[in-house]
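Student: I would like a close look at one part of this model. Please take me through a place where helices of two chains meet, and then show me its surroundings.

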Amino acid sequence: MAMHQPVPDEVAAPAAVKLGRAIVITSGKGGVGKTTTTANLGTALAQRGARVALVDADVGLRNLDIVLGLESRVKFHLLDVLEEKAALDEALVRDKHSESLVLLAAAQAREKEEVDTDRMRALIAALRERCDYVLIDCPAGIELGFKNAIAGADEAIVVCTPEVSAVRDVDRVVGLLGNRFKPQLIINRLRPQLVKKGKMLSVEDVNAILRLPLLGVIADEPEIIITTNKGEPLALRRDGETANAYHTIAARVAGEDVPAPAPELRESLMDKLGSFFGGRRA
Amino acid sequence: MIEWMKRFFGGPTSSTTAKERLRLVLMTDHLALAPEIIADMKRDLIEVISRYVEVDRENVEVNFEQEDRVLAMLANIPITSVNRPAPPPEPPAYAAAPNVASPGAQAATASNGGPPPRRRRRKKPATQSPATAH
């Protein structure tokens, strides 16, 4: 297969091959931030010096290239590689910002059903030989696209927002994954003020149900929308609570013993007045 | 203002509602059963146990709890008497047993006199057998 062709020195596997980790980022439900999480976690891991490959497995709805700002550089995609129309090295797009980050984009005009599961598994195995981390951005749903995305992975990160529907879907996905993937949890789009007012499920509420190892919590920040608009992942920055949360999650993924990040409650004067007068929480 | 009043007097917040909805929806997801089946199961459970001991039917509690991704059914069934209301082996004997010694047991069987209407409609032969005995 094309992926076994010789590769340039700088990305070639060392003589004693230590396989990288293949981690699928999944959630079941759509729109919870899988792609944003993949882009930011990949960026944060690459900023630590790790060699990272991001694979967009969402065939038909290609987005990861947009979030990374790489859409104009994509020449070949996942299916081109799987169908041996392009060599893996031709298809890997080098990131603009992070030296050691590469992207394999999904096909936009194709369908998830066209992906061959065995070939997908072989592709991820080939990427593991040359990278420290292979992050696979899983499509929403639990059908064939999901099955192909998890095929080559050996770990899973599940992304969940503090909503009933998202928690229910993660619960289902974790059940489907089974124990093999050692799923870990990222809670995304948390709004601490709403939690305090009793208008949003808290981290504890979510994980009382899911009972998964918590990698970290990401706040619902306008900055994430802005950086996505620009195609520059927030994790390129080193300042700010949310950017730091991604770096801390990356450190935890890398095995560092640091506490899981959680957004702090920042209250305005009006919030304080409000909670003074109507502060009883049920 | 109404929202404010509700909060002041300790009404349930929407996150509490979300938590409760989530708990219930996952319970049924995990059981892969519809809620009415759980009610039927509770009734059948009481029926079976009443064959052996006398049960306080009004205060039977059946709950489902999740512990480390395992769902457990916890039944709290108060026993009022250990007198056997009827010989255990044959369910039809129990169903037609108004002549037992304990008056409590009599009341219990009397309240179970008519077949539950919902169960009749259900086309599940396995659960229907005691009801059809009537």
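Tutor: What follows is a walk from one helix contact out to the chains around it. Keep in mind that this is a predicted model. For the complex, the predictor reports an ipTM of 0.76 and a pTM of 0.72.

Start with the helix pair. Two packed helices are described by the angle and the distance between their axes. One partner is helix α7 of chain A, residues 164-177. The other is helix α2 of chain B, residues 14-31. Their axes come within 10 Å and cross at roughly 30 degrees. Angles under 35 degrees count as roughly parallel. Therefore α7(A) and α2(B) are roughly parallel to each other. Their crossing is right-handed.

Which residues make the contact? From α7(A) come A:V164, A:V167, A:R168 and A:D171. From α2(B) come B:A18, B:R21, B:L22, B:V25, B:L26 and B:D29. Sorted by class, six of these residues are nonpolar and four are charged. No polar residue takes part.

Now a helix pair inside chain A. Helix α5 (residues 117-130) and helix α6 (residues 144-151) of chain A have axes that come within 8 Å. These axes cross at roughly 35 degrees. The crossing of α5(A) and α6(A) is right-handed. On α5(A), the residues in contact are A:T117, A:M120 and A:R121. On α6(A), they are A:K147, A:N148 and A:A151. This contact holds two nonpolar, two polar and two charged residues.

Back to chain B, which supplies α2(B). Chain B has seven helices and four strands. From the N terminus, the order is α-α-α-β-β-β-β-α-α-α-α. Of the 134 residues in chain B, 10% are buried. Among chain B contacts with a separation of 6 or more, 48% join residues 24 or more positions apart.

How confident is the predictor in chain B, and where is confidence lowest? The mean pLDDT of chain B is 65, with 46% of its residues at 70 or more. Confidence is highest in strand β1 of chain B, residues 54-55, at 90. Confidence is lowest in helix α7 of chain B, residues 125-132, at a mean of 36. Do not mix up this helix of chain B with α7(A), the partner of α2(B). Across residues 93-134 of chain B, the pLDDT is below 50. That stretch still has 55 contacts in the model beyond near neighbours in sequence.

Key
Residues numbered from 1 in each chain as written. Chains lettered and ligands numbered in written order. Predicted model: local features only at pLDDT ≥ 70, side-chain atom pairs only at ≥ 80, totals over all residues. Axes fitted to C-alpha atoms, helices over the stretch in contact; angles between N-to-C directions. Helix = DSSP H or I, 4+ residues; strand = E, 2+ residues; numbered from the N terminus. Parallel < 35°, antiparallel > 145°, perpendicular 65-115°, else oblique. Left-handed = near helix turned anticlockwise from the far one by under 90°. Contact = placed C-beta atoms within 7 Å. Nonpolar A, V, L, I, M, F, W, Y, C, P; charged D, E, K, R; others polar. pLDDT = per-residue confidence, 0-100. Buried ≥ 20, exposed ≤ 12 C-beta atoms within 10 Å, placed from the backbone.
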